[in-house]
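This report describes one protein structure under short headings. Please examine the sequence and the structure shown here before reading on.

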Amino acid sequence: LGANEKTRLSSLHTMSRWSFIALACTILVGFASGSIAPETEPQSGISFPGEIAGETSALRLAGTAVRVKKIAFISIQIYAVGLYVEPAAAATAKVDSGNAQSAALFETLLSDKADIPMAVRLVMVRSVTADQMADALRDAVAPRLAHGTDVTGVMAQFRALFDDALPAGTELVFSKLKGGKLLAEIAGKMKGEIDNRSLSTALFSAYLDANHVVDRALLVANLPAVVTAGVAAAEIPATPEN
């Protein structure tokens, strides 16, 4: 082949290689933009999207469970809950996702060092008043606040998020961002943010620590797939700049 033909074939080869990589990245973005199948929590019948928006990237559904309380010896479903985790952060933290009974798994998810962005999406099964929901979450969160936290002040901020009744079907999303800031969205409205790592850790601990208020193993049932997605995304090289 002549020099010009060799140059052209080399250019086509390079273009083809990077086009393939760009296509792979496009496919991954497509998955991350809404192609993850929703999941139905079996006891309540409530559907959860396969992913929701995060601060910098999508959070994927790790599992679902239902909050049940006994009233006069009768088990009453209060709300269904889904745990969402950022795949890349979970992969980086080397979450031990293969054993849902592993204490280390939950310790890593809650670790300040790992600092994994997460969210819990609650969907009311039973209608409750603002006071009932705020009081129930306060009872779960306040005892879990770190020593030295201004419990009265922090819980007053948290209580202020609840100002309307929560009829059945109402959605509440609490997101823990990098650094520990807590964002709250209720019934589709952003209710505020509380920049307190102790509060966000305490809230997620209610679902993930040893005294969990729901079956925590169910909340991480899909975590292996979430971690795998994070590992796969990290292995795709970025498209080179021109």
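## The second largest pocket

Helix α4 contributes more than any other element to the lining of the second largest pocket, giving five residues. The structure is a predicted model, and the descriptions that follow should be read in that light. In addition to α4, the elements β4 (59-71), β5 (74-85) and α6 (197-208) each provide at least two residues of this lining. The pocket therefore draws on both strands and helices for its walls.

The volume of the second largest pocket is about 330 Å³. Its lining consists of 16 residues, and those nearest the centre are Lys-69, Ile-78, Val-128, Gln-132 and Ala-136. What is the chemical character of the lining of the second largest pocket, by nonpolar, polar and charged residues? Eleven of the lining residues are nonpolar, two are polar and three are charged.

## The packing of α4 against α5

Two packed helices are described by the angle between their axes and by the distance between those axes. Helix α4 covers residues 130-141 and helix α5 covers residues 151-159. Their packing angle is about 145°, and their axes are 10 Å apart. The crossing in which α4 passes α5 is right-handed.

On the α4 side, the contact is formed by Ala-130, Asp-131, Ala-134, Leu-137, Arg-138 and Val-141. On the α5 side, Met-155, Phe-158 and Arg-159 take part. The residues of this contact comprise six nonpolar and three charged residues, with no polar ones.

## The open sheet

How many strands form the open sheet, and in what order do they stand? There are seven strands, arranged as β3-β4-β5-β6-β7-β8-β9, and their pairing is antiparallel. The edges are occupied by β3 (51-52) and β9 (189-194); each has a single partner strand, so one side of each is left without a neighbour in the sheet.

Helix α6 lies across several of these strands, namely β5, β6 (118-124), β7, β8 and β9. The helix α6 runs at about 60° to β6. As noted above, α6 also supplies at least two residues to the lining of the second largest pocket.

## Pairs of strands within the sheet

The antiparallel strands β4 and β5 are joined by eleven bridges. Within this pair, Arg-60 stands opposite Val-85 in β5. The hairpin of β4 and β5 has two residues between the strands, and Ala-72 in this hairpin adopts a positive phi near 55°.

Strand β5 also pairs with β6 in the antiparallel sense, over seven bridges. In this pairing, the bridge partner of Gly-82 is Arg-121 in β6. Further along the sheet, strand β7 (residues 171-176) pairs with strand β8 (residues 182-186), again in the antiparallel sense, over five bridges. Here Val-173 has Glu-185 of β8 as its bridge partner.

## The enclosed cavity

Rolling a probe the size of a water molecule over the atoms shows where empty space is left. In this model, the count comes to one cavity of 30 Å³ or more. The largest cavity holds about 30 Å³ of space.

Which residues line the largest cavity? The lining is made up of Leu-109, Leu-110, Ser-111, Asp-112, Lys-176, Arg-197 and Thr-201. Both α3 (103-110) and α6 supply at least two residues each to this lining. By class, the lining of the largest cavity has two nonpolar, two polar and three charged residues.

Key:
Residues numbered from 1 in each chain as written. Predicted model: local features only at pLDDT ≥ 70, side-chain atom pairs only at ≥ 80, totals over all residues. Heavy atoms only, no water. Axes fitted to C-alpha atoms, helices over the stretch in contact; angles between N-to-C directions. Helix = DSSP H or I, 4+ residues; strand = E, 2+ residues; numbered from the N terminus. Left-handed = near helix turned anticlockwise from the far one by under 90°. Contact = heavy atoms within 4.5 Å. Nonpolar A, V, L, I, M, F, W, Y, C, P; charged D, E, K, R; others polar. 1 Å grid on protein atoms, 1.4 Å probe; cavity = no way out; pocket = protein on both sides within 12 Å on 5 of 7 lines; lining within 4 Å. Points joined across faces, edges and corners; volume = space filled by probe spheres on them. Pairing = 2+ DSSP bridges.
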